[in-house]
Amino acid sequence: MKLFRAAFGAAMLVVCMDQAALATTQNVIFNGTITATCTLVVATNGTMTVSPDLQSLSSHNSGGSAGTVTLTTTGGVSLSVDPVTITTVPAADTTAITWTPTYSASGAHTIAETGSATSLTAPGADLVTVHLAGTKGGSNRFASGSYQATVTVRCE
């Protein structure tokens with residue numbers, strides 16, 4: 001009986017070997033969606049210096065320097081700078097200061113210096129240069145001491 005089972009099993013194995021295996025396939029579909037987005041990373045902070053007439057404190061003045069921000073975008077966004085709302089001035093400076101932030105960009109997009117929003121339709125990476133000027137009117141002058149102002153760069 002053992003010999004019969006072994007012979008029968010061997011015969012079945014030979015029969016099965018002659019038959020092709022049934023193959024089946026399925027497709028796996030991948031989808032992805034990227035919404036209009038951008039990232040901003042501050043590379044350097046800026047420095048403001050005072051003008052000889054003491055009526056301008058600006059990154060454009062001699063010895064001043066712009067701040068820089070790297071921007072990466074998918075396109076379909078708008079780049080702008082917000083009005084300055086955070087400032088620190090010395091107690092001795094009691095007269096009004098008008099703060100004017102501006103920016104320009106180079107890289108995937110070329111933007112001349114502006115304070116207005118700019119539409120970025122194409123994807124890419126840019127170096128955004130940010131300037132700030134504080135000005136005094138009339139006979140008012142900047143007082144001695146430390147000044148600080150924050151410019152918010154916005155990409156949305």
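This is a guided tour of one protein model, stop by stop.

**Before you start**

The model is predicted, so local features need pLDDT of at least 70 and side-chain atom pairs count only at pLDDT 80 or more, while totals for chains, interfaces and linings use all residues. Residues are numbered from 1 along each chain as its sequence is written, and side-chain values use heavy atoms, with hydrogens and water left out.

**Stop 1: the whole chain**

Show the cartoon. The protein has one helix and 12 strands. Helices (H or I, at least four residues) and strands (E, at least two) are DSSP runs, numbered from the N terminus. Follow the chain from the N terminus: the order is α-β-β-β-β-β-β-β-β-β-β-β-β.

Now colour by burial. Buried means under 20% relative accessible area, exposed means over 50%, and partly exposed lies in between (1.4 Å probe, protein chains only). Of the 156 residues in the protein, 31% are buried.

Turn on contacts, meaning heavy atoms within 4.5 Å. Among contacts with a separation of 6 or more, 70% are between residues 24 or more positions apart.

**Stop 2: the disulfide**

Select Cys 38 and Cys 155. They are joined by a disulfide, S to S 2.1 Å. The term covers a pair of cysteine sulfur atoms within 2.5 Å. The structure holds one disulfide. This pair links distant parts of the chain, 117 residues apart: Cys 38 sits in strand β1 (residues 38–44), and Cys 155 in strand β12 (residues 153–155). Are these cysteines buried or exposed? Cys 38 is buried, at 16% relative accessible area. Cys 155 also counts as buried, at 16%.

**Stop 3: a three-stranded sheet**

Stay with β12 and add β5 and β9. These three strands form an open sheet in the order β9-β5-β12, with antiparallel pairing. Two strands pair if DSSP finds at least two bridges between them. The edge strands are β9 (118–120) and β12, and each pairs on one side only. On average, neighbouring strands here are turned by 25° against each other, direction ignored. For that angle, axes are lines fitted to C-alpha atoms, for helices over the stretch in contact, and angles run from 0 to 180 degrees between N-to-C directions.

Zoom in on strand β5 (residues 77–81). Three bridges join β5 to β9. Three bridges also join β5 to β12. β5 is mostly covered, with four of its five residues buried. Select Ser 78: Ser 119 in β9 stands opposite.

**Stop 4: Leu 79**

Select Leu 79. Thr 118 in β9 stands opposite Leu 79. In β12, the bridge partner of Leu 79 is Cys 155, one end of the disulfide from Stop 2.

Show everything in contact with Leu 79, leaving aside neighbours within four places in sequence. The list includes Leu 71, Tyr 103, Ile 111, Val 128 and Val 153.

**Stop 5: the cores**

Which residues touch the most other members of the largest nonpolar core? Among its 14 residues, they are Leu 79 and Val 128. A nonpolar core is a set of buried Ala, Val, Leu, Ile, Met, Phe, Trp, Tyr and Cys residues joined through side-chain atoms within 4.5 Å. Highlight β4 (67–73), β5, β7 (98–107), β10 (124–135) and β12: these elements each give two or more residues to this core. β5 gives the most, with three residues.

Apart from this core lies another, of seven residues. Select Ile 97, Leu 132, Phe 142 and Tyr 147, which are among them.

**Stop 6: Ser 58**

Keep Leu 132 on screen and select Ser 58, in strand β3 (residues 56–58). Ser 58 is buried, at 3% relative accessible area. The side chain of Ser 58 reaches the backbone oxygen of Leu 132 at 3.5 Å. Not counting residues up to four places away in sequence, Ser 58 touches Thr 47, Met 48, Thr 49, Gly 64, Leu 132 and Ala 133.

**Stop 7: Ala 125**

Finish on Ala 125, in strand β10. Is Ala 125 buried or partly exposed? Ala 125 counts as partly exposed, at 47% relative accessibility. Add Thr 70: the two are 55 residues apart in sequence and 7.3 Å apart in space, C-alpha to C-alpha. Leaving aside neighbours within four places in sequence, Ala 125 is in contact with Leu 71, Thr 72, Ser 106, Gly 107 and Ala 108.

Definitions and conventions:
Polar contact = N/O pair within 3.5 Å; in protein donor to acceptor, adjacent residues only side chain to side chain.
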